[in-house]
Amino acid sequence: EAAAPERAARLDGWLAGPGRAVNYRLVSAESTREGDAFVHNIVVARDVRVLDPESADLPRAEPLEVEVRDGNGARVRGVWDGEGERGELVLRSGAPLRLVRLDPRGRRAQDAAATDGHPRADDGNRWPLRPPILEQIDVSYNATAQQIVFIADAALRRQYDLQNTFTLRATSNVRGTGSSVGYVRGLGRRRDTNRRRIGVGGSLSATSLNAGFATDANAAVGGARLGAGVSAGYGDQRYFLDPRQGWRLGGGLGAGVVFRDDDTRSWTLTANLRGNVTVPTGLRGALVVAYGATWVFGDPTANERAGAGGRVLLRGYVANEALGRGRAFVVVEQRFTPTFLSDLHLGVFELAYVREVQLAAFAGLAGLADATGVDLGDDGVPFRSNEGSVLAAEVGVGVRVHFEYLGIQPAVLVVDVAVPLLREEDDRERRGPVSVLLAFEQFF
């Protein structure tokens, strides 16, 4: 008030900022040559969405800093006084402009409620490509079957870009080891400031299929698989470590060719659909229903057939226990946190801090069409046999320990114990009565 009495009336408007959602926007940026210099004409705008009607008539003007970087790397800054809904700045430098940034020092609050994308995305004329963002790294271990599953996903996109994402994925499991690259286009409403709710895209993959995945002569042949696919999905769930509400639905169509180790080739076309619904049950619980269906056309190897068991299917069965050309499944899981196991602060050698211990109970049912299984011959040697249609069912309980690495990075440790209910006598004699699964990510 002492420095600028004529602007003191703006103070109430600034203090009432939470009553309005504000977004600053670069409208245009042009350079024209004048003698040995270049003149940069920058037009900026402020979009306001009123959240509190009582503050709608309060002054909204506040100065906004603008920075121009020209082709020689020189930086020039100017200030728009913030009067009105739109303003123009004229800056000069020795080369044409290359980059424009509004509020380069991040002094102005911008609200995602005032824009369809990221509130910073329209503050410049171009943004750098960010380093790969690790979106998922999941290591799980089936202690009963001694099978390890490793999944790592990374995203590559420009800063503040919600529309265009390149994906990198690496997997390793009992079926094989491979990697893929893909592209996803974000559409529709924004889920949060990192992603839109709808994604469509495609991918290319290469996988080395393990020869020992199944037991009969044909399935024992490994090979190299090259694949391509398209997919689309919708999701509004947030905080993947412990979603409490929302739903997801996605589907895809993929084609692949396998160059088998016995110098033959085969092809497949796979259609799949998968989704889940999460419904809050009280303040500390959530009921999750996951479902999916898959059908494999062509001449699939055993590694390419749909299975009933595994990390994100029925946890009581192992991945190569029951395989089929088609699969449908549904899993229901209730997660809840007793009051005495919530809001914890348990340090483990100052490396991790346990915040919550969550309990879970689940049940699942799956059906396989054109299925194969493992039988024992008269000589005691296992072999795969055609079994037509097969049903699999399970029940189980689990514990989820939510913690933070060094008190900073959230994580979860999952321990599940699942009991298969429908199993042939040969499998009961050969496999353990329960499956114990360790993982660092929720089942869904």
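Val139 counts as partly exposed because its relative accessibility is 36% (buried means under 20% relative accessible area, exposed over 50%, partly exposed in between, with a 1.4 Å probe and protein chains only). The model is predicted: local features need pLDDT of at least 70, side-chain atom pairs count only at pLDDT 80 or more, and totals for chains, interfaces and linings use all residues. Residues are numbered from 1 along each chain as its sequence is written, and side-chain values use heavy atoms, with hydrogens and water left out.

Val139 sits in strand β7 (residues 133–142). Strands are DSSP runs of E with at least two residues, numbered from the N terminus. Val139 also contributes to a nonpolar surface patch of about 1100 Å². Other members of this patch include Tyr141, Ile148, Val348, Phe349 and Phe440. Patches are made of residues with over 30% relative accessible area and no salt bridge; nonpolar side chains (Val, Leu, Ile, Met, Phe, Trp, Tyr) are joined within 5 Å, like charges within 9 Å. Accessible areas come from the Shrake-Rupley method with a 1.4 Å probe, and for residues only the protein chains shown count as cover.

One open sheet has three strands in the order β1-β2-β5, with antiparallel pairing. Its edge strands are β1 (20–34) and β5 (86–93), each paired on one side only. Neighbouring strands of this sheet are turned by 20 degrees against each other on average, direction ignored. Axes here are lines fitted to C-alpha atoms, and angles run from 0 to 180 degrees between N-to-C directions. Strands β1 and β2 (residues 37–50) are joined by 14 bridges; two strands pair if DSSP finds at least two bridges between them. Ala21 has Arg49 in β2 as its bridge partner.

Another open sheet of three strands follows the order β4-β3-β6, again antiparallel. Here β4 (75–80) and β6 (97–102) form the edges. The twist averages 20 degrees from one strand to the next. Strand β3 (residues 64–70) pairs with β6 over five bridges. Val66 stands opposite Leu102 in β6.

Further along the chain, strands β8 (residues 147–156) and β9 (residues 164–172) run antiparallel and share seven bridges. Ile151 faces Thr171 in β9. Strand β9 also pairs with β10 (residues 176–192), in the antiparallel sense, over nine bridges. Leu168 has Val181 in β10 as its bridge partner. A hairpin of three residues connects β9 to β10.

The structure holds 26 salt bridges, each a side-chain nitrogen of Lys or Arg within 4 Å of a carboxyl oxygen of Asp or Glu. One of them joins Arg196 to Asp116, with the closest N and O atoms 3.1 Å apart. Arg196 lies in strand β11 (residues 195–209) and Asp116 in the loop between β6 and β7, so the pair ties together parts that are 80 residues apart in sequence. Arg196 counts as buried, at 9% relative accessibility.

Glu333 and Arg315 also form a salt bridge, at 3.1 Å between the closest N and O atoms. Glu333 is in strand β17 (residues 323–336), and Arg315 is in the loop between β16 (306–307) and β17, 18 residues apart. Both Glu333 and Arg315 are buried.

Arg355 meets Glu404 in a salt bridge of 3.0 Å, N to O. Arg355 belongs to strand β19 (residues 352–376) and Glu404 to strand β20 (residues 382–405), so this pair ties together parts 49 residues apart in sequence. Arg355 is partly exposed at 26% relative accessibility, whereas Glu404 is buried at 19%. Salt bridges that share partners join Arg315, Glu333, Arg335, Arg400 and Asp416 into one network.

Definitions and conventions. Helix = DSSP H or I, 4+ residues; strand = E, 2+ residues; numbered from the N terminus.
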